[in-house]
Amino acid sequence: MIELFRRLIFLPVGASTVADGVDALHAFVITATMLVSTYVFGAAAWFTVRYRRKSDRQLTRRLSATVRHEASIITLVLGTFLLWWVLGFRQYVEMVQPPRDSDVVYVEAKQWMWKFTYPDGRDTNDVLTVPVGRPIRLAMTSRDVIHSFYVPSFRIKQDVLPGRYTAVWFEATQTGTFPIWCAEYCGVSHSRMRGEVVVLSQADYALWLRSGKGQTAEIDCGRGPGSCGGGDLVAIGRQVALRRACVACHTLDGQRHVGPTWSGLYGSQRTLADGRKVVADDAYLTRSMMEPAADVVAGYAQVMPTYQGSLTAAETGALVELIRSLRDGPVAPAGVALPALEITTAADGGRGP
Amino acid sequence: MTEATYLNARTTIRSWVLTTDHKRIGILYLVTLIFALVLGGFFAMALRIEHLTPGHTVMTAMTYNRSFTLHGVIMVWIFMIPSIPASFGNFLLPIMVGAKDVAFPRLNLLSYYLFITGTVMVLVSMFVGGIDTGWTFYPPYSSSTPTAIPTALLGVFVIGFSTILTGLNFVVTTHTMRHEGLGWMKLPLFVWAIYATSIIQVLATPVLGMVLLLVVLDNSLHWGFFDPARGGDPVLYQHLFWFYSHPAVYIMILPGMGVVSEVVATFARKNLYSYRAIAYSSFGLAFVGFLTWGHHMFVAGMSTFDAGAFGVLSMLVAIFSAIKVFNWTWTLKGGAVALKTPLLYVFAFLFLFVFGGMTGVAVAAMSLDVHWHDTYFVVAHFHFIMVGGTLTAFLAAIHYWFPKITGRMYSERLGLLSAALVFAGFFVTFFPQFLLGNAGMPRRYYDYPPQFQPLHIVSTAGSWVLATGLLITAIYLGHALFRGHRAGDNPWGSRSFEWRTTSPPPTHNFHATPPFDIDPYDYTQPLPGTDDDPAAEKEAA
């Protein structure tokens, strides 16, 4: 049924967990739209024929709406609209909230290409390789102008902005290759900014992970080849934290210092100096690096300088990934290393407290 | 027929270019607007031809990007925003309220010349590098592009002043210059629509002016309001831009709705099903329309709560349009319906507006928007509203008030033919674009994957039918302007106030005290003191 509907209105295959629900709502909305259009136009056509003018001086009787008639139409139409909103909003909430156990891939967009950086430290251009049946969260930023990450077959889209991180997630339900298109106008080669998602079976994905080992020992985080050393993003994050002296004020082991500790920080609720409560997610962490004065945690003085323009996108991503690895305390969990596949990635040994 | 009209009172060029007569200013606007429509249409046709094949067809990627930007900027700011208010609003609003002119006639002339100045600036930008940002000017792309951003944006800024002054003029005119005994509830619904539009123009346009200035500063002096590399916030721009540009959608469509109310009542010879519902829903649109801008940004980076709130508010604003559609349709019931050219255009409006409006509701159902956002689905949706709505209403208005403005009548047969062509051409052009959007084709794509080509070819073919319909319209209206037979004062037998004076009207609009004794939609008894003039109508048919 849903396949027939897809073919009828030119929808691409639905290859993610959200696609079927979105397409079902689509079918509901389109069918109702067709019915309403037919009804309105049918009524207009019928009245035009039935009440056609017989003489140019013809007079008509006054015929006005009753409150009941108007109210019943309004109730019916508004009820339908609100029902669509309820259904659409529920799906939207599902689409913007990645499951807690998602694997993360960092995405950097620039005119006119996509760069994907995996937790084990390797990166690829324009081709995103993921396993089927695993939730994948993309933490995305742009190096220049606004782009938009769009995979039609997954029914997902998210703008990618310079200077901040946005997230999108998906779980592919079938293997295959699906196009990625940039959906936000970004300059002369906007229409050539295309890539693809390659969805592999879990076994193939494990092979792919192994095959890539050791190939990306040297990471370029925007300061020349090898500037960030090697290893996975967490390891790179450690090096960045040392080099930029983040650890002069932030501890990794839970102790209070000039600034809050990074241990257990990720995902926790923070009470700010002005009484607001916020969750320490990627956006919050990024903002705190770029605009430290925006969200000062209660009990701390605002002494941190801004790192806007001095931390590269890759360095920022690595720091966020480091903080994320400390979410459950000082010892990094195996979360970043795809536990479902029992695959260990590089630099695990270096993760001490 | 040598009686004095606003057309033959004085005929020097100076008497036209320095006129303060609201009717002549309306004509000046109308001529300029048609020029803008032709220019914007030229770019549209070029874009459609480029899409006949993937990759290069007739232009380079840079030319394509500049063309769709100019198409958007010209159509939005030089054609659609001023379209019906500045031309027909200017011509008719004072007559409909029984005044000799607008409240500030000289300000009215100034606003026309501001409009011309801004238009010239936008056109100049075409020749000094063009602009390639799209009509939405999103930073940081617009902060860094080397194209002629300052010239074009300052042009739009100046046009904004013209919009504000026109709106202000209409608000004051409606409040202070209504004829004695003409209460709000006796006003023609076109006046209500123009009044609600004017309120939006006065309140929303300053925000656009401000935000465009900031982009110009970012672009030319490298300030950093919206550029993250300098500490700015590009999403802030989007909030400010859509704070204007969503209400602007109602600036474009509300006057069209006013036209539809007039045409439906006249050609059904019947009172509107609910005058109050139509009048108040205009205010509903104007007010709630200010609170829905965030639905342009569901995937831009906004909190889930904000997105949800904007989703609900968008559902609420849609209900006011639904109320209007329902009341127009039911006005036909029990009427005496004559399917003439203006009414055929109104039927096209109804069909396309319902379709465009319902797809608008669909994109406000938020999970669907994630797939459709920035694809051809959205392009099709807003063309159904803007072209299917505003342009068909504009054409309905031209055909309905042509005898009022010129005193002459066009060929009804050619009118019906071209209206059918415009409708069919429009539908064939834009319906395939819904399907392209479903398939995932992003907008503003110069090059596209080959599987989309068949739908693009159908769309391009439709655009030729649409252009043919408009060309025929231009020819027979041009002919009727000089050779059309005399229409008489009230060829449609309307009860509305603008038909209760001669056609074309005298310079001061009325020969004697205008009769505002009856309801403008009362067809229950013969018009007191006149005949319904059936002769002219038969001749026209």
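**Reading a predicted two-chain model**

Tutor: In chain A, 64% of the contacts with a separation of 6 or more are between residues 24 or more positions apart. Bear in mind as we go that this is a predicted model.

Student: What makes two residues count as a contact here?

Tutor: Their C-beta atoms, placed from the backbone, have to lie within 7 Å.

Student: Thanks. How many helices and strands are there in chain A?

Tutor: Chain A has seven helices and 12 strands. Of its 353 residues, 38% are buried.

Student: Let's take the strands. Which order do the strands follow in the open sheet that holds β4 and β7 of chain A?

Tutor: The order is β4-β10-β9-β6-β7 in chain A, five strands with mixed pairing.

Student: Why are β4(A) and β7(A) called edge strands?

Tutor: Each has a single partner strand, so one side of β4 (127-131) and one side of β7 (156-160) are left without a neighbour in the sheet. From one strand to the next, the twist averages 20 degrees.

Student: How do you know that β6(A) and β9(A) pair?

Tutor: The cut-off is at least two bridges found by DSSP. Strand β6 (residues 147-151) and strand β9 (residues 176-182) of chain A are joined by two bridges in the antiparallel sense, so they meet the definition of a pair. As a landmark, Y150(A) has W181(A) of β9(A) as its bridge partner.

Student: And what joins β6(A) to β7(A)?

Tutor: Five bridges, with the two strands running antiparallel. One of the partnerships to look up is S148(A) with D159(A) in β7(A). The two strands form a hairpin with four residues between them, and R155(A) in the turn has a positive phi of about 60 degrees.

Student: Back to β7(A), then. What makes it largely enclosed by the rest of the structure?

Tutor: Five of the five residues of β7(A) are buried, so the strand is largely enclosed. For a residue to be called buried, 20 or more other C-beta atoms must lie within 10 Å of its own.

Student: Which residues of β7(A) point one way and which the other?

Tutor: I156(A), Q158(A) and V160(A) point one way, while K157(A) and D159(A) point the other way, and all are buried. In a regular strand, side chains alternate between the two faces of the sheet.

Student: Which strands are at the edges of the open sheet with the order β3-β2-β1-β5-β8?

Tutor: The edge strands are β3 (123-125) and β8 (166-171) of chain A, each pairing on one side only. This sheet has five strands and mixed pairing, and its twist averages 25 degrees from one strand to the next. Within the sheet, β1 (residues 103-110) and β2 (residues 113-117) run antiparallel and are joined by five bridges. K110(A) stands opposite M113(A) in β2(A).

Student: Now the two chains together. How many residues does the contact take from each?

Tutor: It takes 79 residues from chain B and 75 residues from chain A. On the chain B side, α11(B) gives the most, with 15 residues. By class, that side divides into 48 nonpolar, 23 polar and eight charged residues.

Student: Why is α2(A) called roughly antiparallel to α12(B)?

Tutor: Helix α2 (residues 19-50) of chain A and helix α12 (residues 341-364) of chain B pack at about 160 degrees, with axes 10 Å apart. The cut-off for roughly antiparallel is over 145, so the angle makes α2(A) roughly antiparallel to α12(B). The crossing of α2(A) past α12(B) is right-handed. Residues in the contact include V36(A) and F41(A) of α2(A) and F351(B) and M358(B) of α12(B). The contact has 12 nonpolar, three polar and no charged residues.

Student: And why is α9(B) called roughly parallel to α11(B)?

Tutor: Their axes come within 9 Å and cross at roughly 15 degrees. Angles under 35 degrees count as roughly parallel, so α9(B) is roughly parallel to α11(B). Here the crossing is left-handed.

Student: Which residues of α9(B) and α11(B) meet?

Tutor: M257(B), V260(B), S261(B), V264(B), A265(B) and A268(B) in α9(B) meet K324(B), W328(B) and T331(B) in α11(B). By class, this contact has six nonpolar, two polar and one charged residues.

Technical notes:
Residues numbered from 1 in each chain as written. Chains lettered and ligands numbered in written order. Predicted model: local features only at pLDDT ≥ 70, side-chain atom pairs only at ≥ 80, totals over all residues. Axes fitted to C-alpha atoms, helices over the stretch in contact; angles between N-to-C directions. Parallel < 35°, antiparallel > 145°, perpendicular 65-115°, else oblique. Left-handed = near helix turned anticlockwise from the far one by under 90°. Nonpolar A, V, L, I, M, F, W, Y, C, P; charged D, E, K, R; others polar. Buried ≥ 20, exposed ≤ 12 C-beta atoms within 10 Å, placed from the backbone.
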